[in-house]
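Dear colleague,

Please find below the sequence and the structure that I am handing over to you. A summary of what was found follows directly after them.

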Amino acid sequence: FGLAGLRLGWLASRNKEILEQIVAYKDYLTICNSSTSEVLSLIALRHKGKFIEPNLLKIRTNLEILAAFQLKHKDLITLPMPQAGSTVFIRLNLQESALNYCERLVQETGIMLLPSEMFDFGTRHARIGLGREQIPVALDAWDKYISR
């Protein structure tokens, strides 16, 4: 649906034990959702055709653009193709940590990648969200940064 700001429906898993642990932790943080988020979610559900298809098109288009970008910079980036969802977890083939690289990248270009250290997943990956309109602009700026 592309409504990440509503903070509803943020997790899915087939692992019942993990889900139970997560639900218990979430209940510790918040007991109920925002009523505004619930109302907006109902509106979105009732008009899902206006949300789902345009978002899927945007995600697919951005993934194609990112794949072309990766081919141009295959020495720097490894892109495993996602099976589902609107995010990808790329591998950064660097000597420095993903955290250091991502901090420099955001400071010098404004491009924000989420480094794998934030996920306790080593030091060589970064998450990229594909649900934004500005992906081509960000990749162009990143291309110029890499070319320097």
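**Packing of the helices**

The axes of α3 and α5 approach to within 10 Å and cross at roughly 10 degrees. The two helices, α3 and α5, are therefore roughly parallel to each other. Please bear in mind that this is a predicted model. On the α3 side, the residues in contact are N62, I65, L66, F69 and K72, and they meet I135, P136, L139, W142, D143 and I146 in α5. Sorted by class, the contact of α3 with α5 comprises eight nonpolar, one polar and two charged residues.

Helix α5 (residues 135-147) also meets helix α4 (residues 98-109): their axes come within 11 Å and cross at roughly 110 degrees. That crossing angle makes α4 roughly perpendicular to α5. Here Y101, R104, L105, E108 and T109 in α4 are in contact with W142, Y145 and I146 in α5. By class, the contact of α4 with α5 has five nonpolar, one polar and two charged residues. W142 and I146 of α5 thus appear in the contact with α3 and also in the contact with α4.

**Overall arrangement**

The secondary structure of the protein amounts to five helices and four strands. Read from the N terminus, the order of the elements is α-α-α-β-β-α-β-β-α. The C-alpha trace spans about 50 × 35 × 30 Å along its principal axes.

**The sheet**

How are the strands ordered in the sheet? Four strands form an open sheet in the order β1-β2-β4-β3, with antiparallel pairing. The edges are taken by β1 (77-78) and β3, each with a single partner strand, so one side of each is left without a neighbour in the sheet. Helix α5 packs on this sheet, where it touches β1, β2 and β4, and its direction makes about 145 degrees with that of β4.

Strand β2 (residues 87-92) and β4 run antiparallel and are joined by five bridges. Within this pair, T87 stands opposite G129 in β4, and the bridge partner of I90 in β4 is A126. Strand β3 (residues 114-115) pairs with β4 over two bridges, likewise in the antiparallel sense. In that pairing, R127 in β4 is the bridge partner of L114.

**The largest pocket**

For your own work, the pocket analysis may be of interest. The largest pocket has a volume of about 1700 Å³. Its lining consists of 45 residues, and A4, S86, T87, G129 and G131 are those nearest the centre of the pocket. T87 and G129, which stand opposite each other in the sheet, are therefore worth locating in the view above. Elements that give two or more residues to the lining of the largest pocket are α2 (35-46), α3 (52-72), β4 (125-129) and α5. Of these, α3 gives the most, with eight residues. By class, the lining of the largest pocket divides into 29 nonpolar, eleven polar and five charged residues.

Helix α5 recurs in these findings: α5 meets α3, meets α4, packs on the sheet and gives residues to the lining of the largest pocket.

With kind regards

Terms used. Residues are numbered from 1 along each chain as its sequence is written. This is a predicted model: local features need pLDDT of at least 70, side-chain atom pairs count only at pLDDT 80 or more; totals for chains, interfaces and linings use all residues. Side-chain values use heavy atoms; hydrogens and water are left out. Axes are lines fitted to C-alpha atoms, for helices over the stretch in contact, and angles run from 0 to 180 degrees between N-to-C directions. Angles under 35 degrees count as roughly parallel, over 145 as roughly antiparallel, 65 to 115 as roughly perpendicular and the rest as oblique. Contact means heavy atoms within 4.5 Å. Ala, Val, Leu, Ile, Met, Phe, Trp, Tyr, Cys and Pro count as nonpolar, Asp, Glu, Lys and Arg as charged, and the others, Gly among them, as polar. On a 1 Å grid over the protein atoms alone, a cavity is a set of points where a 1.4 Å probe fits but cannot get out, and a pocket is an open set with protein on both sides within 12 Å along at least five of seven lines; lining residues have an atom within 4 Å of a point. Grid points are joined across faces, edges and corners, and a volume is the space filled by probe spheres set on the points. Two strands pair if DSSP finds at least two bridges between them.
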